[in-house]
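Here are my notes on this model, as numbered points. Please read them alongside the coordinates.

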Amino acid sequence: MVYNELRKDYLLNRWVVIATERSRRPTDFVKQKTEQAQGSVCPLCVGNEHMTPPAVMLYLKQNGEIKTGKDHNGQRPQNWLIRVIPNLYPAFSPPKDPTDQEQIMKSENLGNAIGHHEVLIESPNHDEHPADAEMPQLTLLINAYIDRLRDLSSKPYVQYVSIFRNYGREAGASLLHAHSQITATPTVPRIPAEEMAASKNFYDRHQKCVFCDIIETETKSPRLVLDNRHFVVFAPYASVHPLEFWILPKKHAANLLNLNKAETEAFAETLKTSLKALKRLVNDPPYNYGFHLSINAEARDYYHWHLEVYPRLSIWAGFEKNTGMYINTVKPEASAAELRKAVQV
Ligand SMILES: [Zn+2]
Ligand SMILES: [Zn+2]
Ligand SMILES: [Zn+2]
């Protein structure tokens, strides 16, 4: 009797059954594209700035230079390259008056959802998604992530900044224009909090960063997808999604705030290469990606930022929702092998 493997995440108390008995190959997930109905006006396109709230941050192209600015006095310049606006239906809102930020929690299990919820428009071009973006524009996107992270993390009521991207309707994108979202929250959400606690625990026992260890292991493992000067990409040991991959910086840092120019460009390049491989492999699937990082100075030594990419190829059903345990029908080693080939095309 051969059993399915039950694997545990590096840090989280999260288990996944690698159900290879169904022996699906990653490419079994190739989907026929259903044509998206076009026709309605895109509120994120150039010329429609008045359809959205005023931008809190703009990268503007002026006389061949890129300047940072924002919308004010009813002005909505159209010469932007990146545009960051408050979400029209925010999950978290800024404090209305200063005393609100001092008392966010009303009791142990009730608080005000104080924070920020932003939409980052990645390009004036409707379809300039990272897998196909021009490198200078994609580098601007990473710089914009860093600028928003710097601004939001400096606010006293912000404990965590989540930067994420939904691509495709099945992954939750209600607008098709290339965009990311940023939420700044008054507490650290469960998954990053669990990762931080576990990596602190590891650090206390071994005096080293668990992610630096993971990098060393995975660069020599069959789960490796890509290894360049500044970054490593691999399918995590206990992937919960077929073709899931993570991007980790080789330089130890708890967040992206100190990325230098070369590293920022290398990150943009690595992101594009890996997403392009995914797109090529399974016909442009929907996906979500999100950063895990810490803005807590205390976490400097034990936490290590990374980006997790979750392709949306299988639908989670009752078991996953009911238990928090997952079933993945593709071995991470098989996912990595396919991605590795696709990266090299
Ligand atoms: Zn658009
Ligand atoms: Zn590290
Ligand atoms: Zn993580």
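**Notes on helix packing and the zinc site**

1. Start with the helix pair. The axes of helix α1 (residues 135-153) and α4 come within 9 Å and cross at roughly 115°. Keep in mind that this is a predicted model.

2. How are α1 and α4 oriented to each other? Angles of 65 to 115 degrees count as roughly perpendicular, and α1 and α4 are therefore roughly perpendicular. Their crossing is right-handed.

3. Now the contact residues. On the α1 side they are M135, L138, T139, I142, N143 and I146. These meet T264, E265, F267, A268, E269, L271 and K272 of α4. As background, an α-helix has 3.6 residues a turn, so residues three or four places apart point the same way.

4. Helix α4 (261-281) also takes part elsewhere: α4 is among the elements that cover the buried residues of α6. The cover includes strands β1 (5-8), β2 (15-18), β11 (224-227) and β13 (245-249) as well.

5. Helix α6 covers residues 332-344, 13 in number. From first C-alpha to last, α6 reaches 18 Å, close to the 18 Å expected at 1.5 Å a residue. Its buried residues are P332, E333, S335, A336, E338, L339, A342 and V343.

6. Which residues coordinate the zinc ion (ligand 3)? E195 is listed twice through OE, joined by H292 (ND1), H306 (NE2) and E308 (OE). The distances run from 1.9 to 2.7 Å. Along the chain, the donor spacing reads E-x96-H-x13-H-x1-E.

7. The pair E195 and E308 links distant parts of the chain, 113 residues apart. E195 sits in helix α2 (residues 190-206), E308 in strand β15 (residues 306-311). Both E195 and E308 are buried.

Note on methods: Residues numbered from 1 in each chain as written. Chains lettered and ligands numbered in written order. Predicted model: local features only at pLDDT ≥ 70, side-chain atom pairs only at ≥ 80, totals over all residues. Heavy atoms only, no water. Donors = N, O, S within 2.8 Å, 3.2 Å for Na, K, Ca; no water. Helix = DSSP H or I, 4+ residues; strand = E, 2+ residues; numbered from the N terminus. Buried < 20%, exposed > 50% of the residue type's maximum accessible area, 1.4 Å probe, protein only. Expected span 1.5 Å × (residues − 1). Contact = heavy atoms within 4.5 Å. Axes fitted to C-alpha atoms, helices over the stretch in contact; angles between N-to-C directions. Parallel < 35°, antiparallel > 145°, perpendicular 65-115°, else oblique. Left-handed = near helix turned anticlockwise from the far one by under 90°.
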